[in-house]
Amino acid sequence: MSLGENIAAVRARINEAARRAGRDPAEITLVAATKVQTSQTIREAIAAGITVCGENRVQEMSAHLEDDAYAGARLHFIGHLQTNKVRQVVGRVDLLESVSSEKLLRAVDAQAGRLELVQDILLEVNIGGEESKSGITPQEVPELVKTCQELAHVRLRGLMAIPPAAAEPGENRKFFAEMYQLYVDIRDNLADNGTVIDCLSMGMSGDFEDAIAEGATLVRVGTALFGPRPPLHRGGTV
Ligand SMILES: *Cc1c(COP(=O)(O)O)cnc(C)c1O
């Protein structure tokens with residue numbers, strides 16, 4: 001299938017999942033996870049209707065930005081971000097989805113302050129409690145939400161999660177449901193002071209329909225759009 005056909009097929013599945021959940025499909029945004037794709041493929045995806053690209057790696061993103069590959073789409077950063085690389089991301093993306101620690105949060109705020117802008121962010125929650133994954137614990141969420149409120153140069157828009165790789169279909173629904181509860185709690189708590197929390201980013205190629213059933217507003221899809229990725233062996237990190 002062509003990229004255009006894949007995009008149409010994923011959108012049809014999103015719409016169907018929304019309808020099954022009694023939700024308006026317009027509430028759900030498809031984020032194309034473009035890691036390892038070329039600038040040319042990214043341009044083709046945008047020409048075929050992709051409105052948001054999600055990048056994982058700072059270096060790839062910088063190269064694509066130099067190529068102006070994302071023209072016509074919004075850009076999210078969705079990968080693990082080291083504190084010493086915030087300069088290459090803050091102010092260059094519409095949404096930084098993967099703020100995974102207080103240290104990173106403060107570094108993002110400091111850099112946004114230097115640029116005299118406000119960076120939209122999500123807090124990444126390690127919902128499966130996996131050692132190997134970054135993200136704050138569910139218990140840490142209220143404290144970090146409070147910190148966000150105190151910082152002048154970040155605007156919290158919601159939460160993001162990457163649950164454990166599921167062995168069985170449906171296995172991650174409980175994690176998605178937990179994320180939704182955290183999201184609703186924040187949204188309700190902050191509604192009074194005018195803060196709009198409107199992003200819950202969860203669900204990938206293997207489970208985005210379950211994520212939509214549990215309330216996702218952003219689904220990050222790579223493989224179902226672009227096909228399988230080659231295995232990565234870069235500098236010893238997999
Ligand atoms: C690669 C990636 C995705 C998309 O994964 P697929 O299974 O290929 O759809 C989503 N989110 C993040 C953070 C990713 O790194």
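For the pocket linings described here, Ala, Val, Leu, Ile, Met, Phe, Trp, Tyr, Cys and Pro count as nonpolar, Asp, Glu, Lys and Arg as charged, and the others, Gly among them, as polar. On this scheme, the lining of the second largest pocket in the predicted model comprises four nonpolar, three polar and six charged residues. This second largest pocket has a volume of about 180 Å³, and of the 13 residues that line it, Arg74, His76, Arg157, Cys199 and Leu218 lie nearest its centre.

The largest pocket has a volume of about 1600 Å³, and Lys35, Asn56, Arg57, Gly79 and His80 are the closest to its centre among its 45 lining residues. By class, this lining contains 17 nonpolar, 15 polar and 13 charged residues, and at least two lining residues are supplied by each of helix 3 (58-66), helix 7 (208-213) and strand 8 (218-221).

The ligand occupies the largest pocket, where it is surrounded by Ala33, Lys35, Asn56, Ile78, Ile162, Met204, Ser205, Arg220, Val221, Gly222, Thr223 and Arg229; this shell divides into five nonpolar, four polar and three charged residues. Within the shell, an N or O atom in the side chain of Lys35 lies 2.6 Å from an oxygen atom of the ligand, while a polar side-chain atom of Asn56 is found 2.7 Å from a ligand oxygen atom, and for a polar side-chain atom of Ser205 the corresponding distance to an oxygen atom of the ligand is 2.5 Å. Of the 380 Å² of accessible area that the ligand has on its own, 89% is covered by the protein.

How values were computed. Residues numbered from 1 in each chain as written. Predicted model: local features only at pLDDT ≥ 70, side-chain atom pairs only at ≥ 80, totals over all residues. Heavy atoms only, no water. Near = heavy atom within 4 Å. Polar contact = N/O pair within 3.5 Å; in protein donor to acceptor, adjacent residues only side chain to side chain. Areas by Shrake-Rupley, 256 points an atom, 1.4 Å probe, with all protein chains shown as cover. 1 Å grid on protein atoms, 1.4 Å probe; cavity = no way out; pocket = protein on both sides within 12 Å on 5 of 7 lines; lining within 4 Å. Sits in = over half its atoms within 2 Å of the grid points. Points joined across faces, edges and corners; volume = space filled by probe spheres on them. Helix = DSSP H or I, 4+ residues; strand = E, 2+ residues; numbered from the N terminus.
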